[in-house]
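Hi everyone, thanks for making time. I'd like to walk you through a few spots in a structure that's new to most of us, so let's get it up on the screen.

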Amino acid sequence: MSWGTELWDQFDNLEKHTQCGIDVLEKYIKFVKERTEIELSYAKQLRNLSKKYQPKKNSKEEEEYRYTSTRAFLATLNEMNDYAGQHEVISENMTSLITGELTRYVQELKQERKSHFHDGRKAQQHIETCWKQLEASKRRFERDCKEADRAQQYFEKMDADINVTKADVEKARQQAQLRHQMAEDSKAEYSSTLQKFNSEQHDHYYTHIPNIFQKIQEMEERRIVRIGESMKTFAEVDRQVIPIIGKCLDEITKAAESIDHKNDSQLVIEAFKSGFEPPGDIDFEDFTQPMKRTISESSLSNSRADGKSEPKFGGKSKGKLWPFIKKNKGAGPEDFSNLPPEQRRKKLQQKVDELNKDIQKEMDQRDALTKMKDVYIKNPQMGDAASVDHRLAELGQNIEKLRLEVQKFEGWLAEVEGRLPTRTEQARRQSGLYEAQNTSAVNSCAQDRESPDGSYTEEQSQETEMKVPATDFDDEFDDEEPLPTIGTCKALYTFEGQNEGTISVAEGEMLYVIEEDKGDGWTRIRRNEDEEGYVPTSYVEVYLDKNAKDVYKSLQTISE
């Protein structure tokens, strides 16, 4: 089955057919290209959708994501982001493996097709030229034969006429012979041209055209195979991401299965539990008898005649209906006495934990300086041991101050947890830092919490918050000893320090190094006593002082 033998006379139809094949290939390329655009658009919409429903940082909405159901929703959003990424992979792979490859192939195919049909037209033109030469030779032979016949007839006529001279007869005879010779020559030329044409025609239809058509057939078959392979690739690109998409869906299912309604219910209790007992029964008050009205401990009415109420759990009346109290907005007191007992306990515990972390940081710094001082004492050439005494004293004062703060909050925490029934004057005086404070402000913190009409308010929260008077001790605490320089550095590039803690430098500027890069990519430098901060390590060339570097390494070894 060959186009060269079966379709030897269908040159024009083959030309149209191959052009249609290229059109189909270009149409498929356009189809795949539009598919990639759809995948990119879909991935972008999925990412925007996931981003739209992500919780905003430092917002109240973020607090809701402690529940298993909302955490599962957050996991779903994250998985949808990964899901979108797989559609981007589909688009990228289809663009590189199909669209790009087929576009280059189409250009090559067009050039090859053009070359083959150019050869075919050239062969057609050659055989047509041979045919024209044959026709011309044939017409010339026919014309010469007719001229020879006319010359022969004229000679015979002249020879039969007795009135014609012998010279005229001889002339007619010679003319007839000449014409006859020309006819013979034309006959020979026609015979040669005919043989040549037949040979050329045989080569044309049995050699040249079959070879050209065979190449066109192979070209067309390669095009068909190529488009088939591209369609397989089209499916394979989708199939490759199915396992990853399946994992995304599995993670969504896993997140959904992790939802624990009982746990969420318990979290709601922990978040909003006030710690108060429900109000008791209200005693019947009989106004028909001239008797003294009694007020039960659980009554919702307020003893306005006395003008004061017994403070319990930070001044909150046991008989108040907490769920229906309208709370005023604004900053709460330092002891969180504006909160219900359970919520207050959590806030106080959180504050104690934060203070303990701060104490640990200060103690770590003190330990490091103590080790540095020991190194200086053993190796005086490395540095002056007395230079760190001021900083050690400041750290000791900081630690003592933080411990006093912890004691203060632990006292309030113990009061809430029931270890202390009320906050007495003696308990307040346990903290030496607050002996000079006005104790009446603390006493009124809880009692002034109720308004004359019995409703709960926090308007006095700003007034009851304990204030620490500024002292010389605080001034010493704020004035920190600057870190010693351990070398110099040269700025290789200009850096604009726009974030907090960074410093701007100009290219070529020389500065002091006060802290090496600890692996985070930042080096701490100083320009003068008032300007210091961090710059990217890659932006500076550091020259460490040998003695300072030895001290630094010794401290690192000791701390490890």
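Let's start with helix 6: how many residues does it have, and how far does it reach from its first C-alpha to its last? Helix 6 covers residues 261-272, so to speak a run of twelve, and it spans 17 Å, close to the 16 Å expected at 1.5 Å a residue. Keep in mind that this is a predicted model.

Now, which residues of helix 6 are buried? They're D264, L267 and A271. Look down the axis of helix 6 and those buried residues fall within an arc of 55 degrees, so they line one face of the helix. As for what covers them, that includes helix 4 (68-160) and helix 7 (341-378). And the N-terminal end of helix 6 has a cap, D260, with a side-chain oxygen 3.1 Å from the backbone nitrogen of K262.

Quick stop at S191, which sits in helix 5 (residues 166-257). S191 counts as partly exposed, because its relative accessibility is 34%. In sequence S191 is 54 residues apart from S137, yet in space their C-alphas are 8.7 Å apart.

Last, strand 1, residues 487-491. Which way do its side chains point? They alternate: G487, C489 and A491 face one way and are buried, while T488 and K490 face the other way and aren't. That fits the general pattern, since side chains in a regular strand alternate between the two faces of the sheet.

Strand 1 runs antiparallel to strand 2 (residues 510-515), with four bridges joining them, and T488 stands opposite Y512 there. Strand 1 also runs antiparallel to strand 5 (residues 540-544), through five bridges, and on that side T488 stands opposite Y543.

Definitions and conventions: Residues are numbered from 1 along each chain as its sequence is written. This is a predicted model: local features need pLDDT of at least 70, side-chain atom pairs count only at pLDDT 80 or more; totals for chains, interfaces and linings use all residues. Side-chain values use heavy atoms; hydrogens and water are left out. Helices (H or I, at least four residues) and strands (E, at least two) are DSSP runs, numbered from the N terminus. The expected span of a helix is 1.5 Å times one less than its number of residues. Buried means under 20% relative accessible area, exposed over 50%, partly exposed in between (1.4 Å probe, protein chains only). The arc is that of the directions from the helix axis to the C-beta atoms. Contact means heavy atoms within 4.5 Å. A polar contact is a pair of N or O atoms within 3.5 Å; within protein, one must be able to donate a hydrogen and the other to accept it, and residues adjacent in sequence count only if both atoms are side-chain atoms. Two strands pair if DSSP finds at least two bridges between them.
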